Each structure stands twice: as structure tokens, then as C-alpha cells.
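Let's walk through this structure together, going from a single ring outward to the whole chain. Keep the viewer open so that you can follow each stop.

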Amino acid sequence: MASSALPSRTLHRRALPSSTPCHPATETFAPGAVSRRRAAVRLLSAGFLTAVAPPPSLAARRGRVVVPPEDYATAPDGLKYYDLVEGKGPTAEKGSTVLVHFDCIYRGITAVSSRESKLLAGNRSIAQPYEFIVGSLPGKERKRDFADNANGLYSAQAAPKPPAAMYTITEGMKRRVIVPPELGYGKRGMSEIPPDAPFELDIELLEAVSPAKE
């Protein structure tokens, strides 16, 4: 019986000569055509295109006022400050007893704040203003008297320890200060503020009682 299998077929592929040069693909344009890159350059030079603005900083996105470094004033002791809001009431002076809220900001993050004073009972926080005498020794007012109210038991100074710079620079209604490490938290740091790091200090003056005149 004859085989019904089809005859085998052999495929031959023609190889290109090895000496044939290989050229990269290039764009070709019809006469009068302009490439996209050249068209963009022409539009930019003609003023039809504008550069894309950089994204806003983290502070700006969180609604904080961004103060250029050149806008800061310099206090007699060398501290840089900027008045965010100028007060119209009594001015805090050396010897004045003041109530303030303070926020220490490091790289856009609030690391230490009187608005997050820790209660001694429970794990809640309260916004307790900080009381001190302008020009006094830092930390002298941190007494440990206790009070009990609806919020829970807390000390008279439940707010965290403020930086030393606050005791001399508090004056206006709302002020921002650039605090150097030696007038901040020094070599130990505090919370998210690392050792030997400068940071921003926002001070909001709530009340000022001038010293009694003798």
C-alpha cells in the first residue's frame, strides 16, 4: 500500500550580509513640515506656552503662612521674628504676665504645642494656654499644682516645655520666630525636633498683664 504522507518541505531563510550597515531610524518630514520639538520651541518663544509653576510647599498646602527669609526682622538678642498679626491691645513687656499658645514647627510638622497639653488622668489632650512672665528664667513657672474639672485632672502647666526663646521674644499679637538650637531644645531635642536643630516657633498672645508700677 502506497504511503499517503505528503512530501516534506524545507524552508530556507536568506541571511543578510554581515557587512550591511545598520542605521538607526530617523524621522523624515514632508517638505514644509515641522517637528513637535521645534513647534514647541517656537510657541514658547512666542509667549503661547508658559513654564509650569512648582507645586506649593507643605506649609502652604496646610494653610500656614509662608514667610520669605528676607521679611524677618532681627531682635536685639539676634532672634529672627515676623509679626503675623499685630496686636492693638496692651503690649507684652519685660515683667508682664502673659497667656499664650505656642507651636513649635519642624519641617512643616507641629512637634510641640500648648494646644496639645496632656491630661494626667486618661489619654486625652486639651488646648491649655501657657502662662509665664516675660523675661523670667525659662521653666521657673512650671509649678505642679493640680486641678480637677470636667476635662480631667491636669497640672497648672499641663502644656509641654516651651523653648527658652519664648521668654524674651513674646510681644505682639501673633509672631513667628526662627529658634536656633541654643535657644530651643539644644542637644537633647524634643518630640520630632532632633538634637541641635533650628525650628519655627509660632506665638499667639492671648492676654497680657503689665507689671505693677512701684
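**Starting from one ring**

Phe132 has a relative accessibility of 1%, so it counts as buried, the cut-off for that word being under 20%. Before going further, please bear in mind that this is a predicted model.

Which ring pairs with Phe132 in a tilted arrangement? It is Tyr130: the two centres are 6.3 Å apart, and the planes make an angle of 45 degrees. Tyr130 has a relative accessible area of 0%, so this residue is buried too. The pair belongs to a wider group, since ring pairs link Tyr130 and Phe132 with Phe102 and Tyr167 into a cluster. Across the whole structure, a search turns up 5 aromatic pairs.

Now move on to Thr170, which has Phe132 among its contacts. You will find Thr170 in the loop that runs between helix H3 (166–169) and strand S10 (174–179). Is this loop residue buried or exposed? Thr170 is buried, because its relative accessibility is 3%, again below the 20% limit. Its side chain reaches back to the backbone oxygen of Met166, at 2.8 Å. Setting aside neighbours within four places in sequence, Thr170 also touches Ala92, Val100, Val134, Ile203 and Leu205.

Next comes the nonpolar interior. The largest nonpolar core has 29 residues, and the members that touch the most others are Ile193 and Leu201. Which elements each supply at least two residues of this core? They are strand S3 (97–106), strand S4 (109–113), strand S7 (130–133), helix H3, strand S10 and strand S11 (199–209). If you select Ile193 and ignore residues up to four places away in sequence, you will see it touching Cys104, Tyr106, Ala111, Val112, Tyr185 and Phe199.

Finally, step back to the whole chain. It contains 3 helices and 11 strands. Along the sequence, the order is α-α-β-β-β-β-β-β-β-β-β-α-β-β. How much of the chain's contact set joins residues 24 or more positions apart? Among contacts with a separation of 6 or more, such pairs account for 67%. Of the 214 residues, 29% are buried; Phe132, where we began, is one of the buried residues. As for the outside, the chain exposes about 15600 Å², with carbon and sulfur atoms supplying 55% of that area.

Methods:
Residues are numbered from 1 along each chain as its sequence is written. This is a predicted model: local features need pLDDT of at least 70, side-chain atom pairs count only at pLDDT 80 or more; totals for chains, interfaces and linings use all residues. Side-chain values use heavy atoms; hydrogens and water are left out. Helices (H or I, at least four residues) and strands (E, at least two) are DSSP runs, numbered from the N terminus. Buried means under 20% relative accessible area, exposed over 50%, partly exposed in between (1.4 Å probe, protein chains only). Contact means heavy atoms within 4.5 Å. Accessible areas come from the Shrake-Rupley method with a 1.4 Å probe; for residues, only the protein chains shown count as cover. A polar contact is a pair of N or O atoms within 3.5 Å; within protein, one must be able to donate a hydrogen and the other to accept it, and residues adjacent in sequence count only if both atoms are side-chain atoms. A nonpolar core is a set of buried Ala, Val, Leu, Ile, Met, Phe, Trp, Tyr and Cys residues joined through side-chain atoms within 4.5 Å. Rings of Phe, Tyr and Trp (its six-membered ring) pair if their centres lie within 6.5 Å; planes under 30 degrees apart count as stacked, over 60 as edge-to-face and the rest as tilted.
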